[in-house]
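Thank you all for coming; please look at the sequence and the model on the screen while I talk, and keep a finger on the residue numbers as we go.

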Amino acid sequence: MPETSLVVVDPGHFHATLVQQQMYPGLSPLVRVRAPLGPDLIDYLSRIARYNGRPDGATDWRLDVHAGPDFLNRMRDEPPGGVAIFSGRNRGKIERIIAALETGLHVLADKPAIIDPSDLPQLETAISVAQGRGLVFADMMTGRHNTLVRLLQVLRSDPEVFGEPVPGTSEDPGVSLGGVHYLRKVVAGFPNPRPAWYFDIAQQGEGLADTGVHLVDRVHETLFPDQPLDWRHDIGILAASRWPTPVSLAQFRELTGAGGWPDDLAPGIRGDVLEYLCNGRIDYRVRGIHVRLEVRWDWQAEQGDDTHHAFYRGTRCRLAVRQGSAERFRPELYVVPDENIDAALRRRITALQPSFPGVGVDAVGSEWRIAIPDALRIGHDAAFAAFTRKFLAYVADPTSLPVREGPNVLAKYRVTTGAVALSRS
């Protein structure tokens with residue numbers, strides 16, 4: 001079969017380069033880059049140059065760059081069968097996705113695909129076009145390849161261990177997830193700059209619309225594995241709120257290299273501080289199960305990196321993900337039994353050895369901690385590579401893409417965009 005080639009379109013976020021952190025069988029080393037000339041493109045080219053020049057595991061990407069205001073027209077002239085990569089400004093992204101699909105390109109888009117509920121019909125159109133043309137359209141749900149998440153999903157699906165999901169209530173939900181991300185961080189060994197437009201919620205989207213996509217995907221994949229959801233009937237949004245993280249002018253300059261505040265940020269400026277509306281909370285119901293999600297952005301982690309927590313209530317036990325000081329800021333999975341499940345849990349862990357060699361279970365007081373060997377823990381960058389391999393396998397055989405993916409993308413963005421809309425009211 002001929003090699004598949006990448007078409008990288010206006011790469012404004014570093015996730016575009018994480019797709020290219022290694023070479024892949026069947027993927028051409030020639031990458032066509034179509035973007036306006038500016039700092040976003042220069043940052044992308046610098047990162048790829050570092051991958052190509054690193055002493056160990058160097059890549060061999062050969063870039064055909066067209067930099068100009070007509071970059072979208074150049075994308076439309078690409079031969080069908082390639083893969084368009086979108087990772088940048090989120091406002092208007094769905095129109096570019098549809099244009100790429102109509103050109104005959106598969107699409108791998110960084111989340112979020114949309115940030116406003118009025119764009120749901122266009123997202124539905126994109127999915128319909130992809131299905132009608134035998135193309136693959138997916139957003140980058142790299143968390144699906146996290147070993148801890150996969151183990152949690154296996155335990156939740158075992159009725160002898162977890163039982164059935166507890167629906168909960170708005171005050172005491174059956175599922176609770178949250179995460180804290182940090183504006184100032186190091187990625188792939190280098191300080192991670194952010195473009196000035198990143199702080200414009202009209203371009204990037206608010207926290208629930210952006211990183212909240214990962215949390216919703218994780219909830220739905222865990223509660224309803226292999227099942228399609230109906231975004232019009234299975235989802236009910238109950239409450240949502242938002243609040244800002246203050247970013248000083250000095251911090252803004254450090255992250256972006258800009259000399260001052262862009263005009264687009266003026267509505268959020270108070271003195272010399274930007275009230276960056278990147279935090280949010282939502283309570284919603286999916287097929288009768290109450291879910292609470294919270295996303296937060298702080299300036300910088302005191303220890304470790306981004307942190308996450310999760311809690312799933314079952315009729316036989318509760319599954320909890322913790323990442324605090326007791327875990328040395330490393331995510332750990334706990335089983336909190338409500339009845340005697342010791343034998344069932346050990347049987348399940350034993351049965352997992354072929355897929356997760358070395359995984360174990362340790363008693364911690366009245367709880368169980370799932371012991372995950374370091375060899376099975378993959379980091380943020382490695383998860384991108386794993387997801388890219390899976391996506392390219394779907395491109396090689398589009399009929400292998402699960403039917404549930406299309407409906408569940410719509411259900412996911414119904415939650416995130418609806419949450420932002422309600423929080424603003």
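D210 has a relative accessibility of 3%, so it counts as buried, and I should say at once that everything I describe comes from a predicted model. The side chain of D210 meets the side chain of K111 in a salt bridge, with 2.7 Å from N to O. This pair links distant parts of the chain, since D210 sits in the loop between α7 (201-204) and α8, while K111 sits in the loop between β5 and α5 (120-133), 99 residues apart. K111, like its partner, is buried, and its relative accessible area is 7%.

How many salt bridges does a search of the whole structure find? The search finds 34, and I will take you through a few of them, keeping in mind that side chains of opposite charge can pair when their charged atoms come close.

In one of them, E78 pairs with R34, and the closest N and O atoms are 3.0 Å apart. E78 belongs to the loop between α3 (71-76) and β4, and R34 belongs to strand β2, so this pair ties together parts that are 44 residues apart in sequence. E78 is buried with a relative accessible area of 6%, and R34 is buried as well, at 3% relative accessibility.

Another salt bridge joins the side chains of E294 and R281, at 2.5 Å from N to O. Here E294 is in strand β13 (residues 289-298) and R281 is in strand β12 (residues 273-286), so the parts tied together are 13 residues apart in sequence. R281, at 33% relative accessibility, counts as partly exposed. There is also a network of salt bridges, which links D139, R144, D217, E221, D226, R404, E405 and K412.

Now let us turn to a charged residue without such a partner. Which side chain of opposite charge is nearest to K93? It is D110, at 5.3 Å, and K93 is buried yet has no salt bridge; a salt bridge here requires the nitrogen and the oxygen to be within 4 Å. K93 is found in helix α4 (residues 93-103), and, leaving aside residues up to four places away in sequence, K93 touches F86, G88, D110, K111, P112 and A113. You will recognise K111 in that list as the residue that forms a salt bridge with D210.

Next, please find the open sheet, in which 6 strands are arranged in the order β3-β2-β1-β4-β5-β6, with parallel pairing. The edges are taken by β3 (62-67) and β6 (137-139), each of which has a single partner strand, so one side of each is left without a neighbour in the sheet. On average, and ignoring direction, neighbouring strands of this sheet are turned by 20° against each other. Within the sheet, strand β4 (residues 83-86) and strand β5 (residues 106-109) run parallel and are joined by 4 bridges, and the bridge partner of V83 in β5 is H106. Helix α11 (residues 380-396) lies across β1 (4-9), β2 (27-35), β4, β5 and β6, and runs at about 165° to β5.

Elsewhere we meet pairing in the antiparallel sense, where strand β7 (residues 175-182) and strand β14 (residues 307-313) are paired over 6 bridges, with V180 standing opposite T307 in β14. Strand β14 is also joined by 4 bridges to strand β15 (residues 317-322), and these two run antiparallel. They form a hairpin with 3 residues between them, and F311 stands opposite A320 in β15.

Finally, I would like to set two residues side by side. T222, in helix α8 (residues 212-223), is buried with a relative accessible area of 1%, and its side chain reaches the backbone oxygen of R218 at 2.7 Å. Not counting residues up to four places away in sequence, T222 touches L152, Q153, R156 and Y312.

S248, by contrast, lies in strand β10 (residues 235-248) and counts as partly exposed, at 23% relative accessibility. With the same residues up to four places away left out, S248 touches W261, D272 and V273. The C-alpha atoms of S248 and E275 are separated by 8.9 Å, although these residues are 27 residues apart along the chain.

Methods: Residues numbered from 1 in each chain as written. Predicted model: local features only at pLDDT ≥ 70, side-chain atom pairs only at ≥ 80, totals over all residues. Heavy atoms only, no water. Pairing = 2+ DSSP bridges. Axes fitted to C-alpha atoms, helices over the stretch in contact; angles between N-to-C directions. Contact = heavy atoms within 4.5 Å. Buried < 20%, exposed > 50% of the residue type's maximum accessible area, 1.4 Å probe, protein only. Lys, Arg positive; Asp, Glu negative; His and termini not counted. Polar contact = N/O pair within 3.5 Å; in protein donor to acceptor, adjacent residues only side chain to side chain.
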